[in-house]
Amino acid sequence: MKRKINNIAVLGSGVMGSRIACHFANVGCSVILLDIIPKEIDANEKAKGLTLETKSVRNRIANNALQFAIKSNPSPLYKKQFSSRITIGNFDDDITKISKCDWIIEVVIENLEIKKKVFDNVEKFRKSGTLITSNTSGIPINLMTEGRSDDFKNHFCGTHFFNPPRYLKLLEIIPTKFTSPDVIEFLMRYGEQFLGKTTVLCKDTPAFIANRIGVYGILSLLHIVEKMGLTVEEVDKLTGPVLGRPKSATFRTCDVVGLDTLVLVANGLKQNCKTDEANNLFTIPNYIQKMVDNKWVGDKSGQGFYKKVKNASGKSEILALDLKTLEYKPSQKVKFATLELTKPIDNLKERVKILISGKDKVGEFYRATFAGLFQYVSNRIPEISDELYRIDDALKAGFGWDLGPFEYWDAIGVKESISLMEQLGNKPADWIYEFSKTNTSFYKIENGVRKFYDLNSKTYKIIPGSEQFISLENIRPTKTIWKNSGLTITDLGDGIINAEFHTKMNTIGGEVLQGLNKAVEIAEKDYRGLVISNEGANFSAGANVAMIFMLAAEQDWDELNMVVKLFQNTTMRLRYSSIPVVAAPHGLTLGGGCEICLHSDKVVALAETYIGLVEFGVGLIPAGGGTKEFALRLSDELKDGDLELNIFRDKFLTIGQAKVATSAHEAFEMGLFRTGIDKTIVSRSRQLAEAKAECLLMADEGYTKPVARNDIRVLGNQAMGLIYAGANAMKSGNYISEHDQKISEKLGYVLAGGNLSQPTKVSEQYLLDLEREMFLSLCGEKKTLERLHSIINGGKVLRN
């Protein structure tokens with residue numbers, strides 16, 4: 001059956017329901033969001049003379065929940081306008097509308113009896129064949145099928161979204177014994193391809209996969225912390241980015257989620273997993289119970305493991321809880337010898353080996369943590385999953401780990417880990433011993449394809465669905481054409497090559513620019529097209545600020561001019577190469593990273609792309625062709641008449657306010673992406689394959705090198721007058737500094753085309769020269785140097 005999803009019903013408008021509705025609206029679905037009718041009117045409604053029969057009153061619960069979600073930060077919507085795709089209602093008046101829906105998602109309170117009552121109503125109006133799922137996080141899915149019709153049962157399963165649904169990529173699919181295989185296959189594919197999720201097939205076991213392992217990990221750690229006497233700050237230092245985990249690490253994450261929520265899940269696991277070998281670890285430590293009793297449960301109560309206060313001078317200060325005395329004290333910086341050794345090591349798999357072999361308490365902590373984790377996950381197969389890769393996928397997508405448990409195990413070494421686990425009394429499951437006799441890793445790459453060890457067949461198998469993706473990590477070892485310290489060129493097949501940045505934060509310096517020029521040279525000679533993409537957390541944080549600061553501080557203007565000209569020449573070479581160039585940005589795409597996208601023939605952007613020309617914030621203007629390109633796009637939009645200056649002002653403010661799009665969809669509104677040319681994609685896994693396909697399509701259609709532009713219409717002094725008057729007024733009103741006024745005027749000077757008495761047509765090179773001239777003049781400003789220094793040194797002020 002070729003199933004299409006156009007209309008969605010979300011039953012329950014709480015925190016999860018309203019945000020799930022928003023994410024379906026993000027991908028173009030029409031959504032109805034229903035909830036219960038209020039039992040009584042509120043004071044505001046009473047003052048207006050409204051009654052319980054008034055429509056707005058009856059829809060108040062759903063409406064208030066949706067409005068709260070829309071106003072929340074970060075936004076659950078790619079664009080605020082997408083909220084128009086959501087219609088609110090209530091269960092009494094609007095339940096009949098589900099008959100027109102393709103998928104009904106239940107997201108009411110975690111109470112089985114209430115869910116059953118909702119399903120009773122659903123059965124009355126749901127059309128045959130409609131998908132029906134529950135977003136429960138803990139109630140057994142099979143219990144919800146009791147008393148339901150065969151068609152309901154065949155099309156029913158659990159769909160566990162993680163909060164917030166837009167940003168956390170995990171979607172657990174939990175079928176029952178009645179669920180049709182076609183439904184399971186459809187949801188697995190739809191979630192990944194159209195919702196941008198990592199879909200993980202789970203068994204109907206307590207807490208499913210991610211929370212079962214993740215909560216075990218947290219509870220195990222809480223006991224280790226108590227035993228070793230570690231501080232809150234030490235634990236968050238050890239379990240954050242250094243380990244490939246989110247910055248919020250452990251205790252900060254607990255504060256955000258809520259300690260009461262963690263305790264609730266832990267108690268549920270203790271009660272429902274009585275045969276679990278780690279059941280005793282689900283017992284809440286005394287210091288945690290005291291915190292809950294004191295209502296120190298995190299952000300929602302104003303204090304948890306951390307507490308924000310005003311100090312004597314009136315400044316905000318973060319206090320950390322002393323776990324022994326349960327008193328708050330100023331947060332302390334953490335330093336360990338082992339952590340110092342890992343600073344130069346960017347590769348997480350290499351870093352983990354050093355962490356676990358540490359001779360201080362850091363090494364002791366990691367050895368205890370990993371030994372317990374490896375034992376636990378080995379014993380969960382086949383209980384919660386038959387395939388080990390699903391456990392890794394769930395932890396990476398649900399908890400933000402860079403590596404899953406079995407991937408960490410591979411990094412440390414299977415045999416080495418077994419020995420360590422035995423020493424610490426954490427023997428792995430029997431199948432691990434059998435496996436390790438003939439194998440040395442849970443994953444391996446063969447011919448550019450990643451495979452996992454399958455316990456049932458005792459062979460390595462391709463991860464289902466991965467055949468449709470292109471992974472640079474998998475093909476890089478055998479398909480690398482050229483590389484330097486900052487960029488690798490890889491053959492993607494079919495005549496398309498990829499240029500991949502791999503500097504810190506994928507910043508752009510001389511080595512990346514050299515690599516991009518080399519990529520164009522190679523592609524023009526022997527290939528059909530070039531894709532620019534990478535698998536880092538971010539596409540690019542922009543130009544190498546430290547290099548700019550160093551040259552400016554030393555007043556090496558000739559060298560700085562050469563560096564800026566090299567950047568401009570590189571982006572122009574991308575624009576005017578004889579082969580199609582496709583950029584595939586994701587995450588942070590700032591400054592120079594944005595300029596590379598602006599000069600590509602096509603952009604295939606991940607929906608979660610945060611892009612902008614942010615140079616103004618460091619006292620500069622875009623000088624890799626970004627300001628020139630905005631002038632060019634402004635020219636293409638200009639129409640004679642009063643609207644010219646309005647369009648000019650909008651373009652100016654986009655750069656002058658260092659605006660950053662919070663999604664690829666917003667980037668279209670800001671003029672960073674082009675309607676009808678560039679496109680968005682929600683699936684990170686499919687992005688590179690899609691970019692390659694677009695590049696091939698352009699090549700197949702007979703790509704022709706663009707003609708250099710000499711017809712860019714600039715407004716000259718007419719626009720300069722607007723900028724000078726506006727900047728002067730802002731300075732007079734103390735809205736901007738004198739230095740910001742100067743930057744504004746120089747930015748306006750380039751966008752206006754310089755000191756021209758009337759609108760004039762100019763070339764790209766003319767604008768590039770202006771752009772570079774203004775950039776270099778700003779580099780000589782003391783205030784610019786201070787801002788650059790502050791960024792490089794984490795906010796420290798530059799002093800003479």
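Is Lys-783 buried, partly exposed or exposed? In this predicted model, Lys-783 has a relative accessible area of 48% and is therefore partly exposed. The upper limit for that class is 50%. Glu-786 is also partly exposed, at a relative accessible area of 21%. Here the lower limit matters, because a residue counts as buried under 20%. The two side chains form a salt bridge, with the closest N and O atoms 3.9 Å apart. The cut-off for a salt bridge is 4 Å. Both residues belong to helix α33, three residues apart, so about one helical turn separates them.

Salt bridges also link residues into a network. Arg-212, Asp-276, Glu-277, Arg-380 and Glu-383 are joined into one network by salt bridges that share partners. Across the structure, 57 salt bridges are found.

Another of these pairs connects two helices. Lys-628 and Glu-764 meet through their side chains in a salt bridge, at 2.8 Å from N to O. Lys-628 lies in helix α26 (residues 626-637), and Glu-764 lies in helix α32 (residues 764-779). The pair therefore ties together parts of the protein that are 136 residues apart in sequence. Lys-628 counts as buried, with a relative accessibility of 0%. Glu-764 is buried as well, at 2%.

Helix α26 also holds a salt bridge between Arg-633 and Glu-629. Their side chains meet at 3.2 Å, N to O. The two residues are four apart in the helix, so the separation is about one helical turn. Arg-633 and Glu-629 are both buried.

Side chains of opposite charge can pair when their charged atoms come close. Asp-35 presents another case. This residue lies in strand β2 (residues 30-35). Asp-35 is buried but has no salt bridge. Arg-60 is the nearest side chain of opposite charge, and it is 11 Å away. A salt bridge requires the nitrogen and oxygen to be within 4 Å, so a partner at that distance does not qualify. Asp-35 does have a polar contact. Its side chain is joined to that of Ser-13 at 2.7 Å.

The second largest pocket was examined next. Its space amounts to about 800 Å³. The lining comprises 35 residues, and those closest to the pocket centre are Thr-507, Gly-542, Ala-543, Asn-544 and Val-545. By class, 22 lining residues are nonpolar, nine are polar and four are charged.

Several helices contribute to this lining. At least two residues each come from α22 (510-526), α23 (545-553), α24 (557-575), α25 (592-598) and α33 (782-792). The largest share, four residues, is supplied by α23. Helix α33 thus appears twice in this account, because it contains the Glu-786 and Lys-783 pair and also supplies lining residues.

An exposed leucine completes the description. Leu-341 is located in helix α14 (residues 337-342). With a relative accessibility of 56%, Leu-341 counts as exposed, because that class begins over 50%. Leu-319 is 22 residues from Leu-341 along the chain. The C-alpha atoms of these two leucines are separated by 28 Å.

Terms used:
Residues are numbered from 1 along each chain as its sequence is written. This is a predicted model: local features need pLDDT of at least 70, side-chain atom pairs count only at pLDDT 80 or more; totals for chains, interfaces and linings use all residues. Side-chain values use heavy atoms; hydrogens and water are left out. On a 1 Å grid over the protein atoms alone, a cavity is a set of points where a 1.4 Å probe fits but cannot get out, and a pocket is an open set with protein on both sides within 12 Å along at least five of seven lines; lining residues have an atom within 4 Å of a point. Grid points are joined across faces, edges and corners, and a volume is the space filled by probe spheres set on the points. Ala, Val, Leu, Ile, Met, Phe, Trp, Tyr, Cys and Pro count as nonpolar, Asp, Glu, Lys and Arg as charged, and the others, Gly among them, as polar. Buried means under 20% relative accessible area, exposed over 50%, partly exposed in between (1.4 Å probe, protein chains only). Lys and Arg count as positive and Asp and Glu as negative; His and the chain ends are not counted. A polar contact is a pair of N or O atoms within 3.5 Å; within protein, one must be able to donate a hydrogen and the other to accept it, and residues adjacent in sequence count only if both atoms are side-chain atoms.
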